[in-house]
Amino acid sequence: MGKAVRRTLYLLAALTLAGVAAVCALTCSDRYGSGDAGRTEQTGDAAAPVRPGEGAGETAEEESENDPSVRPGGIAGETAEEESEGDPSGRPGDVPGETAAEESEGDPSVRPEEEDVPGEDTTILIAGDVLFGNLFQMNYDKNGITGVVGDALLAELQEADILLINNEFAFSDRGTPMEGKEFTFRCSPSYTAALDEMGVDVVSLANNHSLDYGREALSDTFAALDEAGIRYAGAGESEARAGEVQIFEKNGKRFGILAVSRVVPVVSWKVENQTPGIFSCYDDTRLLSLVEEAKERCDFLVVYPHWGVEYEAYPEEYQTAIAKRTLAAGADVVAGCHTHCLQGVEWLEEKPVFYSLGNFVFGKEIDQSAILKITVAADNEVHYELLPVCAENGVTGLAEEDRAAQILRYLDSISPGAKIGEDGTVTK
């Protein structure tokens, strides 16, 4: 190679190195300098934070490096693992192809209703009556959610895809107690946090206490639950809203919840007479029509009635009649409450009726109660199980072995046409 050629190559190499150095210098200046060039100017408290891609010529990587509010994910070709590593604010699930299980793992803000993984089993838990009374508030204020629900039971509740309870009070600080009513219940709206911590997804307001403090208190209840992101069924500002089925999309299926009451203190509580009000079924014509309509929209439909006679272990004839018609209209299961005690299980129309699940969180002591666990498999096979529970000093938990066995034996003894196994499994 001649001297002239070598000299030319050396010159080209030097120019190339100089160019690279210049580019590096400019990049470092943009990244670690003032950052004003190409970034949207922000002035005053009302200015919106800069979002990825808004700065002219600025890459998503450059924007997010010094801005903790920017979520990763804007870098083409970056994997989900690389995006979220080292960034606790980055929620997985924004990456195409990421599963719902990956999205919710480690992120307590992801509610179960956001998950939809076709092919997976779906778990529905249905509990009975809930009252946030003075003892509940004292225990919760002192010890948080574990002051009212035991650890093992709390884990069961939080792991369920859908958790339904009967909300036996108003969330309100307003209103006056109903004149002449022996027991009237309400609780400050701030305690909706306890429902959220339990993992409650939907509550029934179709009961004989939702209007204890009047219509403004019931409207406050709607607002408090909406604010907490918890759905409600069985009551509403209109007749249509009170009878509205609450549908959850889970694992490729649609699950409906329809709540209704057969226990209403006065006729003015009925939503067809005055609003806001309660959806009732003294005449079950509308209930049956709504069940038929809901079943067309749902793969699995739960009807949750408030009915029966308090502290009576066996159902009234009207309970059996309504249950049979409801199942014939398309409901897949009927599970009730109100009696404050357990009632038995019966198979009607080839489907189960759980007449009353008793109390869930209610007062100081609960001798025996149960939570219904429904597992709907991907192939539509349904498994029913009863979880025995009891409460001491205002703390509800899973019953221990001997007590659990006693509760299950008792349920079996009062359940015509159904078998309650030693493991809580319910079969025809």
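**Group meeting: salt bridges, rings and cores**

Okay, let me start with a pair on the outside: Lys 428 and Glu 350 come together in a salt bridge through their side chains, 2.9 Å from N to O. Lys 428 sits in the segment after strand E20 (425-427), and Glu 350 is in the loop between strand E13 (345-348) and strand E14 (351-354), so this pair ties together parts that are 78 residues apart in sequence. As for the surroundings, Lys 428 and Glu 350 are both exposed. Before I go on, please keep in mind that this is a predicted model.

So how many salt bridges does a search of the whole structure find? It comes back with 13. Another one of these is Glu 239 with Arg 286, where the closest N and O atoms are 3.8 Å apart. Here Glu 239 belongs to helix H9 (residues 239-242) and Arg 286 to helix H10 (residues 285-297), so the bridge ties together parts that are 47 residues apart in sequence. Glu 239 has 35% relative accessibility, so we call it partly exposed. Arg 286, at 27%, also counts as partly exposed.

Then there's Asp 412 with Lys 419, a side-chain salt bridge at 3.7 Å, N to O. Asp 412 is partly exposed at 23% relative accessibility, and Lys 419 is partly exposed with a relative accessible area of 44%. We also get a network: Arg 174, Glu 216 and Asp 220 are joined by salt bridges that share partners.

Let's move inside. The largest nonpolar core has 47 residues, and the ones with the most contacts inside it are Phe 132, Met 198 and Phe 360. Which helix gives this core its largest share? That's H8 (residues 215-228), with four residues.

Have a look at Phe 360 if you've got the structure open. Leaving out residues up to four places away in sequence, Phe 360 touches a whole list, including Ala 127, Val 130, Leu 153, Leu 157, Met 198, Ile 366 and Thr 396. There's also a second, separate core, this one of 35 residues, and among them are Phe 248, Cys 337, Ile 374 and Ile 420.

Two of the leucines I just listed take us to helix H6. In H6 (residues 151-159), the residues Leu 153, Leu 154 and Leu 157 are buried. Looking down the axis of H6, the buried residues fall within an arc of 100 degrees, so they line one face of the helix. What about Asp 151 and Glu 159, buried or exposed? They're exposed, on the other side of H6.

Now the rings. The count of aromatic pairs comes to 14. One of them is Phe 169 with Phe 171, an edge-to-face pair with 4.8 Å centre to centre and 75 degrees between the planes. Phe 169 is buried, at a relative accessible area of 0%, and Phe 171 is buried at 0% as well. These two are also part of a cluster, in which ring pairs link Phe 132, Phe 136, Tyr 140, Phe 169, Phe 171 and Tyr 191. And yes, Phe 132 is the one I named for its contacts in the largest core.

Last thing, arginines over rings. Arg 231 lies over the face of Phe 248, 3.9 Å from the ring centre; that's the Phe 248 from the second core. Arg 262 does this over Tyr 318, with 3.9 Å to the ring centre.

Key
Residues numbered from 1 in each chain as written. Predicted model: local features only at pLDDT ≥ 70, side-chain atom pairs only at ≥ 80, totals over all residues. Heavy atoms only, no water. Core = buried A, V, L, I, M, F, W, Y, C linked by side-chain atoms within 4.5 Å. Buried < 20%, exposed > 50% of the residue type's maximum accessible area, 1.4 Å probe, protein only. Contact = heavy atoms within 4.5 Å. Salt bridge = Lys/Arg side-chain N within 4 Å of Asp/Glu carboxyl O. Phe/Tyr/Trp six-rings, centres within 6.5 Å; stacked < 30°, edge-to-face > 60°. Lys NZ or Arg CZ within 6 Å of the ring centre and 35° of its normal. Arc of directions from axis to C-beta.
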